[in-house]
Amino acid sequence: MAWKVKGRSVELCSCNMLCPCWLGPEGTPDKGWCSGAFGFDVEEGESDGVRLNGSKVVLGVEWPGNFFGGNGTAKLYIDEGASAEQRRELEGIFAGKKGGHLEALFGAVITKWLPAQAVKVDIKWGDKPSVKVGNIGQCTLDPVKDPTGRVTKVQGAAAQAAFQIESMDLASSKGSTWRDPDLRAWSGDSGTLHSFNWQA
């Protein structure tokens, strides 16, 4: 069951900046419900002897209210370039089936998992990071900066502790869209950028 993954990630959702779910259970999502996506670019990783370097996974999820209220429905999109062994291990890790903090976190807030889908996942970095998941979803994140060019960072938010993310950069995801017939269609403006270094 041993695994470890390290890399960079992006998050976007149907809310305006900043999604109140990050801040705790008291916040109400802008639309009453919250739908979002997490894109994981695994720079280094291994799970039960299977190397995961260069893997890309996106988690699409929707909640009827605040994230902390649970009862979410989720689906994993795994880059089609992954081998069958890599897909198996990535699904196990990112669906919380292989232990670690993701098992406890997703067990508390996600009730239904839809079958994982192999699809082309493209994550690009730079001044304006972007994520494209086949013809299902796409986003470009524009980091929020102060007049001197420093990126606006968020620390100490409740959901950061749940995800074991120490700090995140706030970004606009205006123009982002998600269209999967198995999930609610949405567009939004809330985005964050982070690093992850997880293991179990």
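Me: Which strands each supply at least two residues of the lining of the largest pocket?

Reply: Strand E13 (167-178) and strand E14 (186-199) do. A strand here is a DSSP run of E with at least two residues, and a helix is a run of H or I with at least four, both numbered from the N terminus. This is a predicted model, where local features need pLDDT of at least 70 and side-chain atom pairs count only at pLDDT 80 or more, while totals for chains, interfaces and linings use all residues. Residues are numbered from 1 along each chain as its sequence is written, and side-chain values use heavy atoms, leaving out hydrogens and water.

Me: Why is this space called a pocket and not a cavity?

Reply: Both are sets of points on a 1 Å grid over the protein atoms alone. In a cavity a 1.4 Å probe fits but cannot get out. A pocket is an open set with protein on both sides within 12 Å along at least five of seven lines, so openness decides the name. The largest pocket holds about 200 Å³ of space. Trp-125, Pro-129, Asp-169, Leu-193 and His-194 are the closest to its centre, out of 15 lining residues.

Me: What makes a residue part of the lining of the largest cavity?

Reply: An atom within 4 Å of a grid point. The largest cavity, of about 190 Å³, has 18 such residues, and Glu-11, Phe-38, Trp-63, Phe-67 and Phe-163 are the closest to its centre. E2 gives the largest share, five residues.

Me: How many residues of that lining count as nonpolar?

Reply: There are 15 nonpolar, two polar and one charged. Ala, Val, Leu, Ile, Met, Phe, Trp, Tyr, Cys and Pro count as nonpolar; Asp, Glu, Lys and Arg as charged; the others, Gly among them, as polar. By that rule, the lining of the second largest cavity has eight nonpolar, four polar and no charged residues. About 50 Å³ of space lies there.

Me: Why is a set of residues called a nonpolar core?

Reply: Because its members are buried Ala, Val, Leu, Ile, Met, Phe, Trp, Tyr and Cys residues joined through side-chain atoms within 4.5 Å. Buried means under 20% relative accessible area (1.4 Å probe, protein chains only). The largest core has 39 residues, with Val-5, Trp-22, Phe-94 and Trp-198 having the most contacts inside it. Another core, of 19 residues, lies apart from it and includes Val-119 and Val-133.

Me: What does Trp-22 touch?

Reply: Its contacts (heavy atoms within 4.5 Å) include Glu-11, Phe-38, Phe-163 and His-194, not counting residues up to four places away in sequence.

How values were computed
Grid points are joined across faces, edges and corners, and a volume is the space filled by probe spheres set on the points. Buried means under 20% relative accessible area, exposed over 50%, partly exposed in between (1.4 Å probe, protein chains only).
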